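Here's one to turn around on screen while you read. Let's walk through it together, one piece at a time.

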Amino acid sequence: MCQEVNRDCSCGKEKVSFHLRDNIMSQEVIDRLFCPSCSGTVALEQESMVEDNGWVIEYDMDLARMYAIAKLGVEPDQVHPGFVFDEGYVTWREMYPGETKDIADERKRIISMKEKNPQEYLTTINAWAVERIARLKAEGWRKAKRA
Ligand SMILES: [Zn+2]
């Protein structure tokens with residue numbers, strides 16, 4: 001079971017869903033969230049923040065460390081913001097914020113060719129899935145790079 005958590009960014013423009021793997025940590029670990037519009041207002045703090053293509057999550061690292069030590073049995077110095085994000089303990093629910101909407105828009109374009117040319121549609125939708133991941137990796141999204 002994994003819990004879904006929504007948070008607004010600091011400027012209030014964006015709302016993002018988080019995924020908390022195995023409920024090891026709680027949503028209180030998310031201190032602040034900055035979208036690409038508001039992340040420029042904060043200095044990146046390596047000790048408590050993780051950056052993903054213009055998005056910044058600030059974690060309560062004392063709390064994250066407490067959960068990691070108690071429930072995962074890891075050493076305190078292993079628990080850094082990259083660990084919390086990349087191992088999925090407090091991370092985006094999607095590959096990146098806004099992915100679901102982007103996918104819906106892209107699919108709509110491809111699905112419009114389904115009636116006219118079913119064979120081309122199949123080829124296109126398969127190629128699209130592969131190209132998407134390659135594109136997200138190239139754009140540097142942390143979760144895509146590990147996919
Ligand atoms: Zn914002």
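Start with two tryptophans, Trp55 and Trp92: both are buried in this predicted model. Their rings form an aromatic pair, with 5.7 Å from centre to centre and 70 degrees between the planes, which makes it edge-to-face. Trp55 belongs to strand S5 (residues 55-59) and Trp92 to strand S6 (residues 91-92), so the pair ties together parts that are 37 residues apart in sequence. And these two have company: Phe18, Trp55, Phe85 and Trp92 make up one aromatic cluster.

Thr91 is a handy stop here, since this residue is also found in strand S6. Is Thr91 buried or exposed? With a relative accessibility of 3%, Thr91 counts as buried, because the cut-off for that is under 20%. Leaving aside residues up to four places away in sequence, Thr91 touches Ser17, Phe18, His19, Phe85 and Lys143. Two of those names, Phe18 and Phe85, should ring a bell from the aromatic cluster.

Now for another aromatic pair, Tyr96 and Trp141. Why is this pair called stacked? The ring centres of Tyr96 and Trp141 are 4.9 Å apart and the planes sit at 20 degrees, so the pair counts as stacked, the limit being under 30 degrees. This pair, too, links distant parts of the chain: Tyr96 is in the loop between S6 and helix H3 (99-111), while Trp141 is in the loop between helix H4 (118-139) and helix H5 (142-146), 45 residues apart. Both partners are tucked away from the probe, in the sense that Tyr96 counts as buried at 6% relative accessibility and Trp141 counts as buried at 8%. How many aromatic pairs are there in total? The count comes to 5.

Next, swing over to the zinc ion. Which residues hold it on the protein side? The donors are the SG atoms of Cys9, Cys11, Cys35 and Cys38, at 2.3 to 2.4 Å from the zinc ion. The angles among the 4 donor atoms run from 105 to 117 degrees, and the site is tetrahedral. For reference, the ideal angle for four tetrahedral donors is 109.5 degrees. Read along the sequence, the donor spacing is C-x1-C-x23-C-x2-C. Cys11 and Cys35 bring distant parts of the chain together: Cys11 comes from the loop between strand S1 (3-8) and strand S2 (15-20), Cys35 from the loop between strand S3 (30-34) and strand S4 (49-52), and they are 24 residues apart. How much is each of them covered? Cys35 is buried, with 1% relative accessible area, whereas Cys11 counts as partly exposed at 43% relative accessibility.

Finally, zoom out to the chain as a whole. The protein chain has 5 helices and 6 strands, and from the N terminus on they come in the order β-β-β-β-β-α-α-β-α-α-α. Its C-alpha atoms fill a box of roughly 55 × 35 × 25 Å along the principal axes. Of the 147 residues in the protein chain, 39% count as buried. The chain exposes about 8500 Å², and carbon and sulfur atoms supply 49% of that area. As for long-range contacts, take those between residues at least 6 apart in sequence: 55% of them join residues at least 24 apart.

Note on methods: Residues are numbered from 1 along each chain as its sequence is written. This is a predicted model: local features need pLDDT of at least 70, side-chain atom pairs count only at pLDDT 80 or more; totals for chains, interfaces and linings use all residues. Side-chain values use heavy atoms; hydrogens and water are left out. Donors are N, O and S atoms within 2.8 Å of the metal (3.2 Å for Na, K and Ca); water is not among the atoms, so sites may look incomplete. Four donors count as tetrahedral if all angles lie between 85 and 135 degrees; four count as square planar and six as octahedral if opposite donors are over 155 degrees apart and all others between 65 and 115; anything else is irregular. Helices (H or I, at least four residues) and strands (E, at least two) are DSSP runs, numbered from the N terminus. Buried means under 20% relative accessible area, exposed over 50%, partly exposed in between (1.4 Å probe, protein chains only). Rings of Phe, Tyr and Trp (its six-membered ring) pair if their centres lie within 6.5 Å; planes under 30 degrees apart count as stacked, over 60 as edge-to-face and the rest as tilted. Contact means heavy atoms within 4.5 Å. Accessible areas come from the Shrake-Rupley method with a 1.4 Å probe; for residues, only the protein chains shown count as cover.
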